[in-house]
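Hi everyone, thanks for coming. I'd like to walk you through a structure that may be new to you, so please have a look at it while I talk.

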Amino acid sequence: MTAGHTRPAAYDRLATERVDSRFKGLPPDAEGLTVAELAGQRRNLFTGGFTTPVLALSAPALEHNLALMETYSERHGLDFAPHGKTSMAPQLFARQLERGAWGITLAVPHQVRVARAFGVPRIFLANELVDAAALRWIAGELAADPEFTFVCYVDSVRGVELMDAALRAAAGASAGGVARPLDVVVELAAGEQARTGARTEEECARVAEAVAATRTLRLVGVAGYEGEVPEADPERVTAWLRGLTALLADFDAAGRFAGLEEIVVSAGGSAWFDAVAEVFAGIPELSAPVRKILRSGAYVSHDDGHYKHLTPFNRVPEEGALHAGFRLWAQVVSRPTRAQAFVNAGKRDAAYDLDLPSAQVVRDARTGEVRAAGGVEVSGLSDQHGWVRTAPGTALEVGDWLGMGLSHPCTSFDKWQLIPLVEADGTVTDYIRTFF
């Protein structure tokens, strides 16, 4: 965790959780061992009794990606709050905080509760929050922990009214009232046909005025998501980001941030963080220091599809390159023709919302040798089968293991509750627990 922050007991409970049939791919003979005991055995992914399909996260790739984004954020003067919805893995949250992250970004109240259970001290909720029960809980967290920082979006007057009513009710139910106002940022939409966010500067101003009229909310800045810019390209994304920073400066000139120790501006998915860094670098001096929060999340595992093609490091290769961390291993269970094979991993195991898995390597069942998967293509997925096409003369037999790259980390993590963390030689050194 961050310097001086003690990991809560929830981490100890992860280590003492018993391995059982809930967890896909783990060795059947590990039943009843604790996760820590199994990790301590340092089994090999291929010879240690793991069953297919099994998803592996590369330990070297993970460490590389954590270090790269830490360096990138520091170089560009950004505070990094990686989006935790990607992994929903508190062990990775801790690694991200240890590698310099300011906090963790999340999307819905359940995710905030998970993060707080594991002691995350700063949370940026990149979403509207109008659920009265969740707001009461947040108010309790703020009252119980003076060191807890929480910031969330607002994008409508009605949303402000709902938040204010819920927080006033929470204050009325508490002898001490609301300990401190909830910090909010006005969300600027990325376009008329984009997702959430106030559509115009005038709407943003009305939302800001509504916040100022409450005692339960405090306006601390502006934010948005450039990934929703219609027909996004460098020019359109940069123009929208300049509009966001202009809104920030206009709010400051209007005195909307009077009395703050710092002002917040935030953007940044995994496709345009280079544009965010460039535009945020040009923010003029305001009435208080500006905390520039970048929220990219997919970097932690990266991928072999969608983000491999979209990553800004393709445009700025001199800044480094992310490494794909996931490989899904499945076994050939049927070879009905020389042009067709089937493996035992399907939609229940592999991300498929953006791209199909890509065949990368084959591990020969007879020899244990690993070779490139030349002439092998994943052509479709059923619930529990992967459809594989093979070119003439391709060596692929029943029993062979097929290692596949995945596209879209967010829908890869959420299919696996306990993911082996694997060294380059196949040694499993830890297990990553997810909470979806």
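**Strand E1 and its partners**

Let me start with one pair of residues: Leu57 has Phe326 in strand E10 as its bridge partner. Before I go on, please keep in mind that this is a predicted model.

That bridge is part of a wider pairing, in which E1 and strand E10, residues 326-337, run antiparallel and are joined by 4 bridges. E1 also pairs with strand E17, residues 418-422, this time in the parallel sense and over 2 bridges. There, Ser58 has Val422 as its bridge partner in E17. How much of strand E1 is buried? In this strand, residues 54-58, 4 of the 5 residues are buried, so E1 is largely enclosed by the rest of the structure. As a general reminder, strands of a sheet pair through backbone hydrogen bonds, and they do so either parallel or antiparallel.

Now let's step back to the whole chain. The protein chain has 12 helices and 18 strands. Its C-alpha trace spans about 70 × 50 × 35 Å along the principal axes. For 436 residues, a compact globule would have a radius of gyration near 22 Å, and the 24 Å of this chain agrees with that. Of the 436 residues, 54% are buried. If we take the contacts with a separation of 6 or more, 70% of them are between residues 24 or more positions apart. On the outside, the accessible surface is about 18200 Å², with 49% of it belonging to carbon and sulfur atoms. As for charges, there are 42 positive and 55 negative ones, and their mean positions lie 5 Å apart.

Next, please find the open sheet. Its 8 strands pair in parallel, in the order E2-E9-E8-E7-E6-E5-E4-E3. Which strands stand at the edges? They are E2, residues 79-80, and E3; each has a single partner strand, so one side of each is left without a neighbour in the sheet. Further in, E4 and E5 pair in the parallel sense over 5 bridges, and Ile123 has Phe150 in E5 as its bridge partner.

Last stop: helix H5, residues 109-117. Its buried residues are Gln111, Val112, Val114, Ala115 and Arg116. What covers them? The cover includes helices H4 (90-98) and H6 (132-144), along with strands E3 (104-106), E4 (122-128) and E5 (149-154). After H5 comes Gly119, with a positive phi near 80°.

That's my tour, and I'm happy to take questions.

How values were computed. Residues are numbered from 1 along each chain as its sequence is written. This is a predicted model: local features need pLDDT of at least 70, side-chain atom pairs count only at pLDDT 80 or more; totals for chains, interfaces and linings use all residues. Side-chain values use heavy atoms; hydrogens and water are left out. The radius of gyration is taken over C-alpha atoms; the globule rule is 2.2 Å times the number of residues to the power 0.38. Buried means under 20% relative accessible area, exposed over 50%, partly exposed in between (1.4 Å probe, protein chains only). Contact means heavy atoms within 4.5 Å. Accessible areas come from the Shrake-Rupley method with a 1.4 Å probe; for residues, only the protein chains shown count as cover. Lys and Arg count as positive and Asp and Glu as negative; His and the chain ends are not counted. The place of a charge is taken as NZ of Lys, CZ of Arg, CG of Asp or CD of Glu. Two strands pair if DSSP finds at least two bridges between them.
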